[in-house]
Every structure is written in structure tokens, then in C-alpha cells.
Amino acid sequence: FKTVTPAQAKARIDAKEDLVILDVRTKEEYDEGHIADSVLLPYDAITAESAAAKLPDKSKPVFVYCRTGRRSAIAAQTLADLGYTAVFDLGGIQSWPYGTVS
């Protein structure tokens, strides 16, 4: 997987690129505020089955984030190990300057 900056991710989102924004925090954290249109899949719940249910296309770009960047790195590595080919670690939502929704 590769790392990506918030500005790089935002440019691709604004370009209406076909991608997935994956929040790997807890449901409680997600409910407090998340990046618009993101999909919740807590990092400790990522399995081949749960990933396939939320992310059926292993070639579609996936931008992974958590609170500070620790869990996103673990999740990105897990997805790469499961055969996802376009995984980007966005790091922590604390570094996301573009606003969130709840």
C-alpha cells in the first residue's frame, strides 16, 4: 500500500473518481464525525469475508483512515495482504482539514 496526503485524496474525491473512503475506527468514533460518504469497517473486524462484503472490487482504490494513523496503517496492510491492489493510507482524520459529517 501507499500513503496519500489529505490534499491528494481530496483532489481525487473532488474529481469524482470511483473510489472507496474506508473509516477503520469504532462505530462510536464514526458516529461522532466521519469523512462524507465513507464506509465503516473497524480495523479489528477486517477479514476476507467482511472486506469482500464492503469492498467487493479488489482493484478499486481504497483510502483508509482512522483517528491518528496507527489503525489505518494496520488496516491498509491487512487489505493489501488480502489482495487489494490500490490501497492508500490516508492516516488520521485529525489531519483531514476538509470537514466531516455525523
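Buried means under 20% relative accessible area, exposed means over 50%, and partly exposed sits in between (1.4 Å probe, protein chains only). Keep that handy for the exercises below.

You're looking at a predicted model, where local features need pLDDT of at least 70, side-chain atom pairs count only at pLDDT 80 or more, and totals for chains, interfaces and linings use all residues. Residues are numbered from 1 along each chain as its sequence is written, and side-chain values use heavy atoms, with hydrogens and water left out.

**Exercise 1. Sort the partners of a salt bridge**

Find the distance between Arg 12 and Glu 17 in their salt bridge, then work out which class Glu 17 belongs to.

Step 1. A salt bridge here is a side-chain nitrogen of Lys or Arg within 4 Å of a carboxyl oxygen of Asp or Glu. For Arg 12 and Glu 17, the closest N and O atoms are 2.5 Å apart.

Step 2. Glu 17 has 32% relative accessibility, so it counts as partly exposed. Arg 12 comes out as partly exposed too, because its value is 24%.

**Exercise 2. Follow a link between two loops**

Which parts of the chain does the pair Asp 18 and Lys 60 tie together?

Step 1. Start with the contact itself: Asp 18 makes a salt bridge with Lys 60, and their closest N and O atoms are 3.1 Å apart.

Step 2. Now place the two residues. Asp 18 is in the loop between α1 (6-14) and β2, while Lys 60 is in the loop between α3 and β4, so the pair ties together parts that are 42 residues apart in sequence. Those element names refer to DSSP runs numbered from the N terminus: helices (H or I, at least four residues) and strands (E, at least two).

Step 3. Check the accessibility. Asp 18 is exposed at 54%, whereas Lys 60 is partly exposed at 23%.

Step 4. Look at Leu 19, which is also in the loop between α1 and β2. Leu 19 is buried, with a relative accessible area of 15%. Setting aside residues up to four places away in sequence, Leu 19 touches Arg 12, Ile 13, Lys 60, Pro 61 and Phe 63, where contact means heavy atoms within 4.5 Å.

**Exercise 3. Take helix α4 apart**

Which residues of α4 are buried, and which exposed residues are on the face turned away from them?

Step 1. Get the outline. Helix α4 covers residues 70-81, which is 12 residues, and reaches 17 Å from its first C-alpha to its last. That's close to the 16 Å expected at 1.5 Å a residue, the expected span being 1.5 Å times one less than the number of residues.

Step 2. List the buried ones: Arg 71, Ser 72, Ala 75, Ala 76 and Leu 79. Looking down the axis of α4, these buried residues fall within an arc of 135°, so they line one face of the helix. The arc is that of the directions from the helix axis to the C-beta atoms. As background, an α-helix has 3.6 residues a turn, so residues three or four places apart point the same way.

Step 3. Turn to the other face. Away from its buried side, α4 carries the exposed residues Arg 70 and Asp 81.

Step 4. Ask what does the covering. The cover over the buried residues of α4 includes β2 (20-23), α2 (27-32), α3 (48-54), β4 (62-66) and β5 (87-92).

Step 5. See what comes after. Gly 83 follows α4, and its phi is positive, near 100°.

**Exercise 4. Trace a network**

Which residues are linked with Glu 29 in a network of salt bridges?

Step 1. Locate Glu 29: it's in helix α2. With a relative accessible area of 15%, Glu 29 is buried.

Step 2. Find its contacts. Leaving out residues up to four places away in sequence, Glu 29 touches Arg 67 and Arg 71.

Step 3. Put the network together: Glu 29, Arg 67 and Arg 71 are linked by salt bridges. Arg 71 has already turned up among the buried residues of α4.

Step 4. Compare another pair. Arg 25 forms a salt bridge with Asp 23, with the closest N and O atoms 2.7 Å apart. Arg 25 is buried at 5%, and Asp 23 is buried at 0%. The whole structure holds 7 salt bridges.
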